[in-house]
Amino acid sequence: MTVERKPLLAFGPAEVVARPTQTPRDLPRLAKPGAGRQGERLTPQFKDLAAAFEAERARLSADTPEEIDPALVVVFDLAGSVKDFRNAINRIDGLEFLSELLGDQSDPDDDFHMTEREAGRTDKRVTHSLYLVMSNTKAIDELLRLFAQWQADPSASFEHGLGKFKTAFQQLTAIRRWGAEDRIRETGLRERWEETLSMVGQSVSTVLVEVELWHRRDAAQRAAAEAHVEEVITSSAGRVLDRSQIGEIEYHALLAELPIQQVQSVLTNGASAIRLLTTDDVMFVSPFTPMSVAPGTLEPVTQTNLARSDRVEGKPRIALLDGLPFTNHDTLQGRLSIDDPDGLGENYPVAARHHGTAMASLIIHGDLTDGGPALDRPLYVRPILQPHEFMPGHEQVVPNRLLPDVLHRAIRRIVKGEGNQPAAAPSVRVVNLSIGAQTRALTRRMSPIGRLLDWLAHSYNLLFVVSAGNHTDEFTIPADAAHDTDAARLAAMRVGFETALLRGILPPGDALNALTVGATHSDGLGEIAVPDTVWDITNPDAPAHYGSVGPGVDRSVKPDLHHSGGRALYTRPIVLPGQTDVAVGLARTAATGPGLQVAAPGRGGATNSTVFTNGTSNATALVTREASRLFDLLESDNRDPEDAPLPDPQYHPLLVRALLAHASSWGAWENSLRNDLGLNGQDARRQLTALLGYGRLDLSRLGEAASNRAVLVAGGQIARNERHTYGFPLPPSLRAKAEWHRFTITLAFMAPTVGQLTRYRSAKVYFSTPDTSLAGGERSDAEHNAVRRGSLQHEIVQGSRAMSFVDGDSFPIHVECMDDAQRLRAGNTIRYALVVSAETAEQTSNTIHEEVRDRLRARARVQGRIRP
């Protein structure tokens, strides 16, 4: 028997019913103090808050003859959260809800602790939510009145719309001003400034910061806040370089240059030492470090005999937002559509065009070592990098612009046009972003650039393929492990696991609606001679040590999948007597390999130069290339007329995303890592999910079925509280056989998002727990809670238990939609794409695809007779 390739099949129409109501789970409950105890705890805090307003009023009155009611940001620190609390906040004159953040967890105490029905009080930590509110004195007085009213009679009714305040008062652990430390606690500002002073000392006179302002509802208030913050910056001898407002993601920011004396003041005297960090209009202040990429080598590179590209015509499908490529390279000439409205190419020497050239080469040709076919469409390129001012050969994101604004403008130009100009490339469906913001990776709050990509994907129906990011710093391993390659390999793996939190996903890889790609230690070069000065300490095809790891925001699955990023070798350390640890760093292999072979800038007019590179950028470009191939497959018109048509093109970006995840799995990774890292118990799967995402992309399974594997696809739009049920016809050759088989289900949807809220997704779409009994197997790979936290759900059920069913039975997949952070309004729907496959070993059955196809056709004929 031989396995034959087979085409994708399409589900018929879904059965649409109301989503069944679910029995509430008996979750741990929050025990709260009574009104009397809350009065004892909180009355002094309310008084301190009122005093802060009076002090601010006095300070402002000293500068103006008029009495001014100050506006300060107040933090409601609640144990747990209060659904729709923001609506109640906005009903009080003088209060404006700004944002909800995830607070720190606290140990249980007599006031706040978790209880269970059976066990009673538990030792579980208490989760907190921070509600950030702009308030004036009049509003604080109203809060004090409501608090006193609640204390006097907790059962008394509040005015219409204010009832949530009663619940909030019960859960309120603290009420205070948003302070200077809050503005830098999770941005990494202090840590980055400490590094700056320790590395460059007094050799720099300024630093760059991104100042994110509260996004006020009123445009006049936003303008006043921006003017005030700019005055604060300039009064301290700083200056504003760029500014941006993107209302759709509630983003309002300034890029500012501050004198180095401000850095010294903060590090010496604390965050409140400079006025910028005590300004109430400011939400966060982050270090601004334009993402930069280093070339693999500045030495002359290999010249190879490459066939010169033929010019291609047609409309571009892929947009590459990156550095400017070397357009005359043999592999790229006639294949690029360059759009450079900012004129970056005017000062972009060929010798500096490394990253964009490499990414364009990988997207168009793949790994040049493999010699794969080139894409038959031009590649749209929008430069967003430029040569580094001080470091030869390096490139960086435009250093005097806010990256969210650069990307927002670039995508709008592609899709809608700019000014009086029409859309630059409206045919684009996939956007490649092989970049990562080199800032502190956040896991509790979505980055502004991540929020932007989520909104752009949802609004313009685009597939963003984004790199997870690289962490290329040296790491240390025990000295006694450095004498043996296998011992060093195990030690490196364990160090990577132990330092995973420091190697988090880099923005915009945290975006929920993007496909985030990690890298595997693989390429097409094969075996090479490795000198004694370097060694290979990564298992073949395993996740690369340099790649970022998850989880994503709200413990969602990130990176989504891994693909070939190029093998990386490390320098072999010299162990000195008495050393306990040794540092291991990446070796330079650009000229000799290993790595992915890519086009490179030429020397002396050469147009056929190549280098070997590695990184998650490479993996992202290769996945983008595969995405284009999937679009070709979905748009082809050579299907059998007896088969149902594939989903409409409006679902193709989602369907491509789902198909890429569908062809990914952990494979042998799980057992290997469990053994090497000593992982066991229920928590092991959660830990592995953060490291592996949905696994490694298997190109042999991508976008096609086989004689022993049937793959069905669907696309739809689902409304709030609906259930769409699809029936996967069960192939008779699987009935009553105790042989290995597998069902794989993948769902992608365009999640609408809410930038102000911790929960972030306004609604969620998911498929309900697969029937493992009917499937005759157990769930494997990613942890079952994590898979529902993003907008890409991928689950595998496999086993060897005999399946019990009769001919004509189906395996049901229930796709459901429900509210998450907000209520999905009537008439609104969410796009989704579904991919489901069933397979077995070819020795068990080589007719799975035919059996499923025949039953789909029979079902369609019956439905056709019933429909009239």
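Helices and strands here are DSSP runs, numbered from the N terminus. The model is a predicted one.

**Overall build**

The protein chain holds 18 helices and 42 strands. Its C-alpha trace spans about 85 × 70 × 70 Å along the principal axes. A compact globule of 868 residues would have a radius of gyration near 29 Å, and the protein chain agrees with this at 29 Å. Of the 868 residues, 57% count as buried. Contacts reach far along the sequence. Among contacts in the protein chain with a separation of 6 or more, 81% join residues 24 or more positions apart. The exposed surface comes to about 36,200 Å². Carbon and sulfur atoms supply 48% of that area.

**Ser99 and its surroundings**

Ser99 lies in strand S6, which covers residues 95-102. Is Ser99 buried or exposed? Its relative accessibility is 6%, and the cut-off for buried is under 20%, so Ser99 counts as buried. The Ser99 side chain reaches the backbone oxygen of Gln756 at 3.3 Å. Gln756 also appears in the contact list of Ser99, together with Leu130, Tyr131, Leu132 and Trp214. That list leaves aside neighbours within four places in sequence.

**Nonpolar cores**

The largest nonpolar core has 130 residues. Which of them touch the most other members? They are Leu321, Leu433, Phe464 and Leu660. Helix H13 (residues 616-635) gives this core its largest share, eight residues. A second, separate core has 40 residues, including Ala751, Ala763, Phe767 and Leu834.

Phe464 can be followed in detail. Residues up to four places away in sequence are not counted here. Phe464 then touches Ile411, Val431, Leu433, Leu453, Leu456, Ala457, Ala514 and Leu515. Leu433 is thus on the Phe464 contact list and is itself one of the core members with the most partners.

Leu660 leads to helix H14. This helix runs over residues 652-662 and is mostly covered, with eleven of its eleven residues buried. Leu660 is one of these buried residues. The buried set also includes residues of other kinds, among them His652, Arg657 and His662. An α-helix has 3.6 residues a turn, so residues three or four places apart point the same way.

**Strand pairing**

Strand S14 (residues 282-287) is also mostly covered: six of its six residues are buried. Strand S11 (residues 206-213) runs antiparallel to S14, and five bridges join the two. Within this pair, Glu210 stands opposite Ser286 of S14. In a regular strand the side chains alternate between the two faces of the sheet.

Another sheet is open and has three strands, in the order S15-S21-S20. Its pairing is antiparallel. Which strands stand at the edges? Strand S15 (292-293) and strand S20 (385-387) do. Each has a single partner strand, so one side of each is left without a neighbour in the sheet. S15 pairs with strand S21 (residues 395-397) over two bridges. Gln396 in S21 is the bridge partner of Ser292.

**Backbone exceptions**

Most residues other than glycine have a negative phi, and most peptide bonds are trans. The table lists sites that depart from this pattern.

| Site | Backbone value | Place |
|---|---|---|
| Pro507 to Pro508 | cis, omega about 5 degrees | Pro508: loop between helix H12 (485-498) and strand S25 (515-520) |
| Gly550 to Pro551 | cis, omega near 5 degrees | Pro551: loop between strand S26 (534-535) and strand S27 (561-564) |
| Ala237 | phi near 70 degrees | loop between helix H7 (219-235) and strand S12 (239-246) |
| Asp541 | phi about 65 degrees | loop between S26 and S27 |

The loop between S26 and S27 holds Pro551 and Asp541. How covered are the two residues with positive phi? Ala237 is exposed, with a relative accessible area of 65%. Asp541 counts as partly exposed, at 28% relative accessibility. The cut-offs explain these labels: exposed means over 50%, and partly exposed lies between that and the buried limit of 20%.

How values were computed: Residues numbered from 1 in each chain as written. Predicted model: local features only at pLDDT ≥ 70, side-chain atom pairs only at ≥ 80, totals over all residues. Heavy atoms only, no water. Helix = DSSP H or I, 4+ residues; strand = E, 2+ residues; numbered from the N terminus. Buried < 20%, exposed > 50% of the residue type's maximum accessible area, 1.4 Å probe, protein only. Polar contact = N/O pair within 3.5 Å; in protein donor to acceptor, adjacent residues only side chain to side chain. Contact = heavy atoms within 4.5 Å. Core = buried A, V, L, I, M, F, W, Y, C linked by side-chain atoms within 4.5 Å. Rg over C-alpha atoms; globule rule 2.2 N^0.38 Å. Areas by Shrake-Rupley, 256 points an atom, 1.4 Å probe, with all protein chains shown as cover. Pairing = 2+ DSSP bridges.
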